[in-house]
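User: Hi, I have a structure here that I'd like to understand step by step. Could you look at it with me?

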Amino acid sequence: MLDNVINLNGVVQAKSVYQHNGEVIISGDPSAGVVNVAANIDVSGKKTHQTGGTVDITGYNILLNPSTLIDASGDAGGGSINVGGNLHGAGPLPNANAVVMMPGATLNANAITTGNGGQVVVWSNNYTNVLGSLFSMGGSQGGNGGLIETSSHQILLADGVTINTNAP
């Protein structure tokens, strides 16, 4: 049983440096177990002309606890956050069976100054319940809002979710 559980607490950082974006991959067993995330994961690029990095969280069942903050924001454009799979579950990341994002959990792929918001995906094959906050806003001095997908091949619940893709 313990081989099928990943518990991530605390702070994980892989900040952007110049043109190289940070990347964090949390990968659990795609056929069993739980990936339990209660952490601050920072792949932001907040210095001038930096973009946000990438966070990929995969596993059979994924839980984003209330204390989870994933920051892929960037001065010149938002990064990418994939929880449970890629956009529309179309790979190459393995798709989760179920994903639950608790109230208080936040996924941020904003552009800060210029550029477009990034991409945020919360996907599962069977059950997705999104109760947290997802952001992919355009830069304050120009840029478009990004893309946010919350979906499931079977069941999607998103009552109480906060989503913002605003842009000036």
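User: Let me start with one residue: does His88 count as buried or exposed?
Analyst: This is a predicted model, and in it His88 counts as exposed, because its relative accessibility is 55% and the cut-off for exposed is over 50%. His88 lies in the loop between E7 and E8, and it has a positive phi of about 60° although it is not a glycine.

User: And what about His49, where is that one?
Analyst: His49 is found in the loop between E3 and E4, where it has a positive phi of about 70° without being a glycine. His49 is exposed, with a relative accessible area of 60%.

User: Back to the loop between E7 and E8, which Pro lies there?
Analyst: That is Pro92, and the peptide bond that leads from Gly91 to Pro92 is cis, with omega near 15°.

User: Switching topic, in what order do the strands of the open sheet come?
Analyst: The open sheet is formed by five strands in the order E2-E4-E7-E10-E13, with parallel pairing. Strand E2 (23-27) and strand E13 (147-152) are the edge strands, each pairing on one side only. On average, neighbouring strands of this sheet are turned by 5° against each other, with direction ignored.

User: How many bridges are there between E4 and E7?
Analyst: Strand E4 (residues 54-58) and strand E7 (residues 80-83) pair over four bridges in the parallel sense, and Ser80 in E7 is the bridge partner of Thr54.

User: Which residues have the most contacts inside the largest nonpolar core?
Analyst: They are Ile41, Ile57, Ile62, Leu64, Val83 and Leu107, in a core that has 25 residues. Several strands each supply at least two residues of this core, among them E2, E4 and E7, while the largest share, four residues, comes from E3. In soluble globular proteins, nonpolar side chains tend to be buried together.

User: How many salt bridges does the structure hold?
Analyst: The structure holds one, in which the side chains of Lys46 and Asp71 meet at 2.9 Å, N to O. Lys46 lies in the loop between E3 and E4 and Asp71 in strand E6 (residues 69-71), so the pair ties together parts that are 25 residues apart in sequence. Asp71 is buried, with a relative accessible area of 8%.

User: One last residue, what does Ser133 touch?
Analyst: Leaving out residues up to four places away in sequence, Ser133 touches Met101, Ala105, Thr106, Leu107 and Thr162. Ser133 lies in strand E12 (residues 133-135) and is buried, because its relative accessible area is 18% and buried means under 20%.

Terms used. Residues are numbered from 1 along each chain as its sequence is written. This is a predicted model: local features need pLDDT of at least 70, side-chain atom pairs count only at pLDDT 80 or more; totals for chains, interfaces and linings use all residues. Side-chain values use heavy atoms; hydrogens and water are left out. Two strands pair if DSSP finds at least two bridges between them. Axes are lines fitted to C-alpha atoms, for helices over the stretch in contact, and angles run from 0 to 180 degrees between N-to-C directions. A nonpolar core is a set of buried Ala, Val, Leu, Ile, Met, Phe, Trp, Tyr and Cys residues joined through side-chain atoms within 4.5 Å. Buried means under 20% relative accessible area, exposed over 50%, partly exposed in between (1.4 Å probe, protein chains only). A salt bridge is a side-chain nitrogen of Lys or Arg within 4 Å of a carboxyl oxygen of Asp or Glu. Contact means heavy atoms within 4.5 Å.
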